Amino acid sequence: MLDVKDLVVCFRSKEGIHEVVHGISFSMEDGEILGLVGESGSGKTQTVLAIAGLSPINAVIGGTITLNGQELSLLSRHEMRTVQGRDISMVFQEPMTSLNPTMRIGRQVEEALRIHTKLSPEERKAKALQTLADVELPNPEAVYNKYPHELSGGQRQRVMIAAAIICDPKLLIADEPTTALDVTIQAQILKLLKKLNKTMHMSILFISHDLGIIRRLCDNVMVLKSGDIVERGSVDQIFNNPTEEYTKRLIAAIPSRKRGITTDEHRSYYEYFGFLEYDDSDDELEGPF
Ligand SMILES: Nc1ncnc2c1ncn2[C@@H]1O[C@H](COP(=O)(O)OP(=O)(O)OP(=O)(O)O)[C@@H](O)[C@H]1O
Ligand SMILES: [Mg+2]
């Protein structure tokens, strides 16, 4: 479905050219959920922005990116707009910065339909209401008429997801989509992504610092270190048998008991890595999504 070859991301500055992604290659299958992990500054965001054609203006991109046979790297920024929101969509960490505060939710959710389809306003509204229901927002009709500040953080993230999936994209890219949310809401959003992956056969490229989330959500994981892929494999492989020192360090960097972390989310780390045994009989975050 997605094929990335020798992807390079450089930044131009007064000091010269600074390469932050060093020719990485990987591919994704239809329906795959691929996790992208790596420490801060390792190039995760720049990698996915390049794929989505949303790199900063001072970035220089090299290599080839092919989505279902179409070579995106050959498209101009303008041509790339026909792909954005239709074939590839992106959800970011903080929905408040991606949503327009002065525009009603309905209009924002319909945006991609306005760009990519010839649907009438009534048809767009019907599709938007359906999609708001698909992302499990209660009372879609009311949400449709609200402004972003009238919603909670979790609801806003659902709205962002609705806007991203309304044209049924092949690939959804999610860059730390749940980091700003509390643990319970986080779990609900992950469950939703898993559902959309299953029901819409949408592939998901999912960035997270949180290896616990990656383990629960993803089929495969790719580990990025200073702009290079150092490891790629199934979730089981990487978590049970990390071959790279760096991956072992990332796993070891998972919060320890010393930091006094007591949330359910972090209990899963303890459970998984055997740091601590606990009774999970009433753990609502557990189980298949
Ligand atoms: N607009 C920019 N101009 C110059 N350098 C940039 C720009 N954006 C990012 N970088 C650099 O690119 C490198 C990779 O950044 P990137 O945002 O991809 O990291 P990341 O893995 O997503 O980190 P985090 O986990 O903190 O989000 C960093 O060294 C960063 O300083
Ligand atoms: Mg990032």
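This passage describes the overall make-up of a predicted model, then its core, two helix pairs and three individual residues.

In the predicted model, the chain is built from 12 helices and 10 strands. It contains 289 residues, of which 38% count as buried. Among contacts with a separation of 6 or more, 64% are made by residues 24 or more positions apart.

A good place to begin is the interior. The largest nonpolar core comprises 67 residues, and those with the most contacts inside it are Ala162, Leu172, Ile173, Leu205 and Phe206. Helix α7 gives the most to this core, contributing seven residues. Ile173 offers a view of how the chain comes together here. Once its neighbours within four places in sequence are set aside, Ile173 is in contact with Val48, Ile51, Ala52, Ile88, Met90 and Leu205. Leu205 thus appears both as a partner of Ile173 and among the core residues with the most contacts.

Helix α7 also takes part in a helix pair. This helix, spanning residues 153–165, packs against helix α8, spanning residues 183–200, with an angle of about 20° and axes 10 Å apart. Angles under 35 degrees count as roughly parallel, and α7 and α8 are therefore roughly parallel to each other. The crossing of α7 past α8 is right-handed. On the α7 side, the contact is formed by Gly153, Gly154, Gln157, Ile161 and Ile165, which meet Ile185, Gln188, Ile189, Leu192, Leu196 and Met200 of α8. By character, the residues of this contact divide into seven nonpolar and four polar, with no charged residue.

A second pair, α4 and α5, makes a useful companion case. Helix α4 covers residues 105–116 and helix α5 covers residues 121–134; their axes come within 9 Å and cross at roughly 115°. Here too the handedness can be stated: α4 passes α5 in a right-handed crossing. Gly106, Val109, Glu110, Leu113 and Arg114 of α4 meet Arg124, Lys125, Lys127, Ala128, Thr131 and Leu132 of α5. The contact of α4 with α5 includes five charged residues, alongside four nonpolar and two polar, whereas the contact of α7 with α8 has no charged residues.

Two loop residues deserve a look for their backbone geometry. Most residues other than glycine have a negative phi. Asp168, however, has a positive phi near 60° without being a glycine. Asp168 sits in the loop between α7 and β7, the latter formed by residues 171–175. With 13 other C-beta atoms within 10 Å, Asp168 is partly exposed. His201 likewise is not a glycine, yet its phi is positive at about 50°. This residue belongs to the loop that links α8 to β8 (203–207). His201 is exposed, because 11 other C-beta atoms lie within 10 Å and a residue with 12 or fewer counts as exposed.

The final residue, Glu71, lies in a strand. Glu71 is found in β5, which consists of residues 70–71. With 11 other C-beta atoms within 10 Å, Glu71 is exposed. Leaving out neighbours within four places in sequence, the contacts of Glu71 are Thr64 and Thr66. Glu71 can also be placed relative to Asp3: the two are 68 residues apart in sequence, while their C-alpha atoms are 9.1 Å apart in space.

Definitions and conventions. Residues are numbered from 1 along each chain as its sequence is written. Chains are lettered from A and ligands numbered from 1 in the order in which they are written. This is a predicted model: local features need pLDDT of at least 70, side-chain atom pairs count only at pLDDT 80 or more; totals for chains, interfaces and linings use all residues. Axes are lines fitted to C-alpha atoms, for helices over the stretch in contact, and angles run from 0 to 180 degrees between N-to-C directions. Helices (H or I, at least four residues) and strands (E, at least two) are DSSP runs, numbered from the N terminus. Angles under 35 degrees count as roughly parallel, over 145 as roughly antiparallel, 65 to 115 as roughly perpendicular and the rest as oblique. A crossing is left-handed if the near helix is turned anticlockwise from the far one by less than a right angle, and right-handed if clockwise. Two residues are in contact if their C-beta atoms, placed from the backbone, lie within 7 Å. Ala, Val, Leu, Ile, Met, Phe, Trp, Tyr, Cys and Pro count as nonpolar, Asp, Glu, Lys and Arg as charged, and the others, Gly among them, as polar. A residue is buried if 20 or more other C-beta atoms lie within 10 Å of its own, exposed if 12 or fewer, and partly exposed in between; C-beta atoms are placed from the backbone. A nonpolar core is a set of buried Ala, Val, Leu, Ile, Met, Phe, Trp, Tyr and Cys residues joined through C-beta atoms within 7 Å.
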